[in-house]
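Got the viewer open? Here's a short tour: what to click on, and what you'll find when you get there.

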Amino acid sequence: MNDSDTVDVVRDSLTTAKDSLAGVHVNTPLDAIVRNGRARRRRHRLTGLTGAMAITAGMALAVTALASSGHPASQSGHAASHPVTARLAAWTVAKQANGDIKITIRELSDPSGLQSTLRADGVPANVSSSTQLDPSCQPYPMTQALFTSIYQMGVGSGNTVLVIHPSALPGGAGVQIGASVDGRAGDGSPHQVAGNQTVHQPVHQVGARADNGVLRVGLVYASQQCTGS
Amino acid sequence: MRVRGMEQELTEFAEFYESTREDCLRIVLLNVGDLHLAQDLVAEAYTRAWVSWRKVRALEVPRAWVVRIALNTHVSWWRRRRREVALGDHDTAMPADQVTVVSGDLLAALRRLPARQREVVTLRLLLDMDTETTARVLGIAPGTVGAHLHQAVAKLRAAIPSHHGQEISK
């Protein structure tokens, strides 16, 4: 059998396998694809705009700092500058014009404060200092598509930036954020048993923080006890 | 004017989606073996195609781009999963009647191929593209396509003792 014959045999076998999947159909409607794509385009535009604004703001701050710190460049003829110290916030939450919530996390030292802030912004949330699921919460079924429609993660200046799109949250679901400062991601073992099914904790690690910690986000069923609503 | 242009883009994309999605899903499913995962990967790939539609529609074979994005997303997903516990429906035990697993020696051999060889097999044999087009899409020389195909086909042929090697279990 020559090379061409071999290719034909393999092609025929693969084609037969593909044809045998005729009963398999795509279950994602066009509307969902287009909606997700448009949301992503908006986020891309917003990210670009935010970046440009951040650069502008950064330049303005730098100028202000130079002027106020007695930097040689701003006060020629004067001696060395005075040290300027600032305590950076452990985390900041910013609600965007489109309703998205942008969380910048340098250090998750006040999880209950972050939880209160998110809830005050209308996001049902459970935030803990552990990557393990809060016992008062029930995991909400997650898919990769659902995850990417709700969460977006990035890293900037050593901080983890997490953007939540509350409009993409399914009804009855809330966000769950957990952090471990020792860098361990957990053992991945099943955490709950529902009926005959073993259900894993629906969490995703989104990135190691600057302090080598591990931050995970997932979905839980919203309830008064778990997410405050 | 701009609105009309966007409507036209949406119409084009809708036609593309309707005409290619089933084939792309089946090709991705053969490669990954899990229907739920394949559905997610294909949905993600089409979402990216819509986000970059002006670029994608100008490509020589847009559906090859979709399949490649889906398979590359799968690779990224696996890499991420090796480092962490990324859990979703893919990791959740599903009732047997909701699971479609595509198995068989040939398909197992396909999934064991190195990524580049699998890409070549997918484009050349499953998407039925010729060597030159495959080479342009992958950004490699036609001779390299031939070499990858030769090596891949030798491994796949060894997994076909007869023509009854595939099994679809649902």
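Start by selecting L126(B). Leaving out residues up to four places away in sequence, L126(B) touches L14(A), K18(A), I27(B), L30(B) and V121(B), where touching, or contact, means C-beta atoms, placed from the backbone, within 7 Å of each other. Now add R26(B): R26(B) sits 100 residues from L126(B) along the chain, yet their C-alpha atoms are separated by 9.7 Å. Is L126(B) buried or exposed? L126(B) counts as buried because there are 22 C-beta neighbours inside 10 Å; the cut-offs are 20 or more other C-beta atoms within 10 Å for buried, 12 or fewer for exposed, and partly exposed in between.

Before moving on, a word on bookkeeping. This is a predicted model, so local features need pLDDT of at least 70 and side-chain atom pairs count only at pLDDT 80 or more, while totals for chains, interfaces and linings use all residues. Residues are numbered from 1 along each chain as its sequence is written, with chains lettered from A and ligands numbered from 1 in the order in which they are written.

Next, grow the selection to helix 6 of chain B, residues 115-126, which contains L126(B). (Helices are DSSP runs of H or I with at least four residues, strands are E runs of at least two, and both are numbered from the N terminus.) Since 9 of its 12 residues are buried, helix 6 of chain B is largely enclosed by the rest of the structure; among the buried ones are Q117(B), E119(B) and R124(B). Just after the helix, look for D128(B), which has a positive phi near 60°.

Now pick helix 8 of chain B, residues 142-158. Its end C-alpha atoms are 24 Å apart, which agrees with the 24 Å that 17 residues should span at 1.5 Å a residue (the expected span uses 1.5 Å times one less than the number of residues). Colour V145(B), H148(B), L149(B), A152(B), V153(B) and L156(B), which are buried. They cover an arc of only 130° around the axis, which puts them on the same side of helix 8 of chain B; the arc is taken from the directions from the helix axis to the C-beta atoms. Flip to the face turned away and you'll meet the exposed residues G143(B), A154(B) and A158(B). The cover over the buried side includes helix 1 (3-19) of chain A, plus helix 5 (105-112), helix 6 and helix 7 (131-138) of chain B.

Time for the core. The largest nonpolar core has 74 residues, and V28(B), A38(B), V42(B), Y46(B) and A70(B) have the most contacts inside it. Such a core is a set of buried Ala, Val, Leu, Ile, Met, Phe, Trp, Tyr and Cys residues joined through C-beta atoms within 7 Å. Helix 2 of chain B (residues 35-51) gives the most to this core, with 10 residues.

Hop over to chain A for a hairpin. Strand 1 (residues 91-95) and strand 2 (residues 101-105) of chain A run antiparallel, joined by 5 bridges; K95(A) has I101(A) as its bridge partner.

Finally, colour by pLDDT, the predictor's confidence in each residue from 0 to 100. Chain B averages 81, with 75% of its residues at 70 or more. Residues 82-100 of chain B are below 50, though this stretch has 38 contacts in the model beyond near neighbours in sequence. Where pLDDT is low, the predicted coordinates should not be read in detail.

Definitions and conventions
Two residues are in contact if their C-beta atoms, placed from the backbone, lie within 7 Å. Two strands pair if DSSP finds at least two bridges between them.
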